[in-house]
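Here is a short tour for anyone meeting this structure for the first time. Have a look at it, then read on.

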Protein chains: 4
Amino acid sequence: MRIPEGAITTSFRFRVAYIDTDRGDVMHHATYLRYLEVARVEHLRDRGVDYRAFELVQGLSLPVVEVHVRYKQAARFDDALEIKTWLGLANRAKVRFDSLILRGDELLTRAEVTLCCVRLEGKRICSVPDNILALAQLGR
Amino acid sequence: MRIPEGAITTSFRFRVAYIDTDRGDVMHHATYLRYLEVARVEHLRDRGVDYRAFELVQGLSLPVVEVHVRYKQAARFDDALEIKTWLGLANRAKVRFDSLILRGDELLTRAEVTLCCVRLEGKRICSVPDNILALAQLGR
Amino acid sequence: MRIPEGAITTSFRFRVAYIDTDRGDVMHHATYLRYLEVARVEHLRDRGVDYRAFELVQGLSLPVVEVHVRYKQAARFDDALEIKTWLGLANRAKVRFDSLILRGDELLTRAEVTLCCVRLEGKRICSVPDNILALAQLGR
Amino acid sequence: MRIPEGAITTSFRFRVAYIDTDRGDVMHHATYLRYLEVARVEHLRDRGVDYRAFELVQGLSLPVVEVHVRYKQAARFDDALEIKTWLGLANRAKVRFDSLILRGDELLTRAEVTLCCVRLEGKRICSVPDNILALAQLGR
């Protein structure tokens, strides 16, 4: 998985917390989903979509329908990591955020997280709205 | 902290999960709050209060306003633990659930978790309702 | 994804905890990995492999190298769920545990979690040992 | 609880993540312990103690022996919060980190977290070392 040409990539940096580790002395595999989510929210913010307002004002939500993560190298306590995120796919049915997690130049993890769109009132699936689809077009 | 005479105590049993541990090879101190909460919900269920219905039907919630936990002995991966829970205090303003966490006969942790009552519509503090206060009286 | 013929399936039951939910009123997508892991440890125990001893006595560990989860229906607070788990694939390089998460008869989630084997001393990848590979053969 | 005169206070800023919330639409009470821990590690770093090296090089650890948290106001998704942390008490037996969690000028939470010192080899309690005690003296 490479970053596709023309993709608008954002970068989110964090340190692995003590609570993120397990007795194997590495960041637990579930914890990656926490930081991938934070990176997604920051990606949206950087590109003009405030996800809190997306839920509260637009009345829409983007629940996760699929995750696919490949762990190549382990992350350890206090490691300074970077998540590069871009929109891998976007259409009326779903959007997919692709990410690489890096420790400096070393690739630790590749992830693809697919979301659909739900209208919070009534909890029905709806079309992905224009302000999300527009994120895909800006990169071209 | 001993279990007071006449207190109605319930018992919740669980095993320490791998994700619950940290690189110090013990259950992380934040994780105790997870299991104390589950033990509280089961205490309520055992004594006739379905907490899901409490929120959905009564429209009330019991948010945590104070926690006080003393960790005496560490818990480790796959340890079979027991949480003994009773109502330590209950009045119109607040209820306090007291717990001991045990590994067999060995006391690991003592905890006091204080909750108030909130009406979900409007998110205003309200009086602790009769079905919660009644839990305190049954023990006498 | 169906349970393949001849697969030895174990069943792990749990209730969705309050802490497992998010402001969307559903179980957060990362939390599934917690319960899938617990279900794996219980699958191993049911079939004769004590994972704590696997790490402490055999000196081996089974870190996660890939997760693929598809969320079909949301789980909610206090839902009583069941995880059916079986060994989807096992060879010297890796083992894959496949799971269905069910609420009664309703399929909520399908998951495939792939693990490799690491010798804890030196943290080097090693062959999946016989007692894990044997789990695959029992089902035939 | 006020910040005592002469205390050296550090500030850690973060945003409440989606995963941090629960179905009550607030940050779950257990999650505060995550951020309080991160704030402690950053407090130590700001004042010259690298906690990773403390464990790996000095061979010591600072496990939590007591937490006392009072939740005054709820935090919500995407709130920008600040944790002010200082050393409330330090002697050979234990150190206590005191914290205020703020949303702008509004006080949300007060917390006191007490740690002891353990030598990792043998897991025996030992005296709090000079480089931790020195943190208390710098503030005078």
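## Chain A on its own

Let's start with who touches whom inside a single chain. Among contacts in chain A between residues at least 6 apart in sequence, 67% join residues at least 24 apart. Keep in mind that this is a predicted model.

What does chain A consist of? Its secondary structure comes to three helices and eight strands. If you walk along the sequence, you meet them in the pattern β-α-α-β-β-β-β-β-β-β-α. Chain A has a radius of gyration of 16 Å, close to the 14 Å that the globule rule gives for 140 residues, so it is as compact as a globular protein of that length. Measure out a box along the principal axes, and the C-alpha atoms of chain A fill roughly 45 × 35 × 20 Å. As for burial, 39% of the 140 residues of chain A count as buried.

## How chains A and C relate

Now bring in a second copy. A turn of 180°, with a shift of 0.0 Å along the axis, lays chain A on chain C with an RMSD of 0.0 Å. The two copies are thus related as by a two-fold rotation axis. Both copies use the same surface, too: 100% of the contact residues of chain A recur in chain C.

Which residue of chain A comes closest to the rotation axis? That would be His68(A), whose C-alpha sits at 2.2 Å from the axis.

## Where A meets C

Each partner brings its share to this contact: 15 residues from chain A and 15 residues from chain C. On the side of chain A that touches chain C, α1 (31-46) and β3 (64-71) of chain A each supply at least two residues. The largest share of that side is eight residues, and these come from β3(A). Sorted by class, the side of chain A that touches chain C has eight nonpolar, four polar and three charged residues.

The strands link up across this contact as well. β3(A) pairs with strand β3 (residues 64-71) of chain C in the antiparallel sense, over five bridges. For one pair to find in the view, try Val69(A), whose bridge partner in β3(C) is Val67(C).

## Chains B and D

Over to the other two chains. Strand β3 (residues 64-71) of chain B and strand β3 (residues 64-71) of chain D run antiparallel and are joined by five bridges. Here Glu66(B) has Arg70(D) as its bridge partner in β3(D).

β3(D) also pairs inside its own chain: with strand β6 (residues 106-115) of chain D, in the antiparallel sense, over seven bridges. Arg70(D) turns up again, this time with Arg110(D) as its bridge partner in β6(D).

## A three-stranded sheet in chain C

Finally, take a look at an open sheet in chain C. It has three strands, in the order β2-β7-β8, with antiparallel pairing. Which strands lie at the edges? They are β2 (60-61) and β8 (124-126) of chain C, each of which pairs on one side only.

Strand β7 (residues 117-119) of chain C is joined to β8(C) by three bridges, and the two run antiparallel. In this pairing, Arg119(C) stands opposite Arg124(C) in β8(C).

Note on methods
Residues numbered from 1 in each chain as written. Chains lettered and ligands numbered in written order. Predicted model: local features only at pLDDT ≥ 70, side-chain atom pairs only at ≥ 80, totals over all residues. Least-squares fit on C-alpha atoms with pLDDT ≥ 70 in both. Contact = placed C-beta atoms within 7 Å. Pairing = 2+ DSSP bridges. Helix = DSSP H or I, 4+ residues; strand = E, 2+ residues; numbered from the N terminus. Nonpolar A, V, L, I, M, F, W, Y, C, P; charged D, E, K, R; others polar. Rg over C-alpha atoms; globule rule 2.2 N^0.38 Å. Buried ≥ 20, exposed ≤ 12 C-beta atoms within 10 Å, placed from the backbone.
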